[in-house]
Each structure stands twice: as C-alpha cells, then as structure tokens.
Amino acid sequence: MKDFPGTPGTLTALILRILQCLFAGGSIITMATAPTFFNSTAFCYLIASMGLQVIWSFGLASLDAYALARKKILHNTTLVTATLSLAAASSAAGVTVLYTRDLRGYSVPDCPKFQMSVCLAFVSWMMIEISSLIMFWLLAAG
C-alpha cells in the first residue's frame, strides 16, 4: 500500500489530529463562556460532542506520535466521529441562525459567542472530514 500524506502514523495525520483537538477545544471554551448556553439543548449537545471529539482526537494524535517515534506507518483504519460532530455543529448552527435572524439577536446577549463556537465546530469538522476521506481511501486501497 502506498503511503500518502494523512496516512495514520505520518506527520500530516498528527497535525490534522492536533488541529481537530484545538478547534473542538476552542468551540467548547467559547460556548462555555456564554452564561446562557444551557438554555438550548443544541448548544449542550455541541459541547458534549466536541468534548468527545477532543478526547478521541487526542487519543489518535498520541497514536500518531507513537508511530512517528517508532518510525512506523499505521495502515489499519480507525473509526472517526465525523457524523456526531457534524450533527452537533449543524443543530447548533440552526439554533444560532434562529437567534440571529428570526429573533434578531435582541433577546440573546451571547449570540456572537454562539456564532464563534459554531464556526470553530465546523472548522473542527472540516479537519475530521479530511481524516475521514483519507481513512476511506485507505480502506478502498486495501
């Protein structure tokens, strides 16, 4: 099997995992600093799924770092949490659009924080999607 960037155990894969952790963590921190986030189930779901994403991505980043230290390329595919993260980001985005456009943001003072958190969640999901495509490519090539 040919090695290409993003294959588990390579530097590119490690960078993708670290970016996933950072953006998911940023989404959690931004949402948690808004005192009214718990009023919406979608925002609570976003924090829960991003928390799982941080843990999962950190574990895979540790595996990639170990493989880099041992100079081994991992060719086994691993499951990703892309669907969970996309669902959480989409539902939170829907509530944010409701607050911003329909309520015009007047009744929700933390609307900019919600928007930033959802944006970071989608960027994290984009990094996850890149990893997912690489995993599917490996699965198809193997």
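Biologist: Glad to look at this predicted model with you! At what angle do α2 and α4 pack?

Modeller: Happy to walk you through it. The axes of α2 and α4 lie 11 Å apart, and α2 passes α4 in a left-handed crossing. The angle at which the two helices pack is about 35°.

Biologist: How many residues of the contact of α2 with α4 are nonpolar, polar and charged?

Modeller: From α2 come Phe43, Leu46, Met50 and Gln53, while α4 brings Phe114, Ser117, Val118, Ala121, Ser124 and Ile128. Sorted by kind, these residues are seven nonpolar, three polar and no charged.

Biologist: Which helix gives the largest share of the largest nonpolar core?

Modeller: That core has 19 residues, and Met31, Phe37, Phe43, Leu46, Tyr99 and Phe114 touch the most other members. The helices α1, α2, α3 and α4 each supply at least two of its residues. The largest share is six residues, and the helix they come from is α3.

Biologist: Which residues does phenylalanine 43 contact, leaving aside its neighbours within four places in sequence?

Modeller: Phe43 belongs to the contact of α2 with α4, and Phe43 is also among the core members that touch the most others. Its contacts beyond those neighbours are Met31, Phe37, Ala92, Val95, Thr96, Tyr99 and Phe114.

Biologist: And how far apart are the end C-alpha atoms of α1?

Modeller: The helix α1 has 22 residues, so at 1.5 Å a residue it should span 32 Å. The model agrees with that expectation, as the end C-alpha atoms are apart by 31 Å.

Biologist: Which helices are among what covers the buried residues of α1?

Modeller: Those buried residues include Leu14, Leu16, Cys21 and Met31. What covers the buried residues of α1 includes α2 and α4.

Conventions:
Residues numbered from 1 in each chain as written. Predicted model: local features only at pLDDT ≥ 70, side-chain atom pairs only at ≥ 80, totals over all residues. Heavy atoms only, no water. Core = buried A, V, L, I, M, F, W, Y, C linked by side-chain atoms within 4.5 Å. Buried < 20%, exposed > 50% of the residue type's maximum accessible area, 1.4 Å probe, protein only. Helix = DSSP H or I, 4+ residues; strand = E, 2+ residues; numbered from the N terminus. Contact = heavy atoms within 4.5 Å. Axes fitted to C-alpha atoms, helices over the stretch in contact; angles between N-to-C directions. Left-handed = near helix turned anticlockwise from the far one by under 90°. Nonpolar A, V, L, I, M, F, W, Y, C, P; charged D, E, K, R; others polar. Expected span 1.5 Å × (residues − 1).
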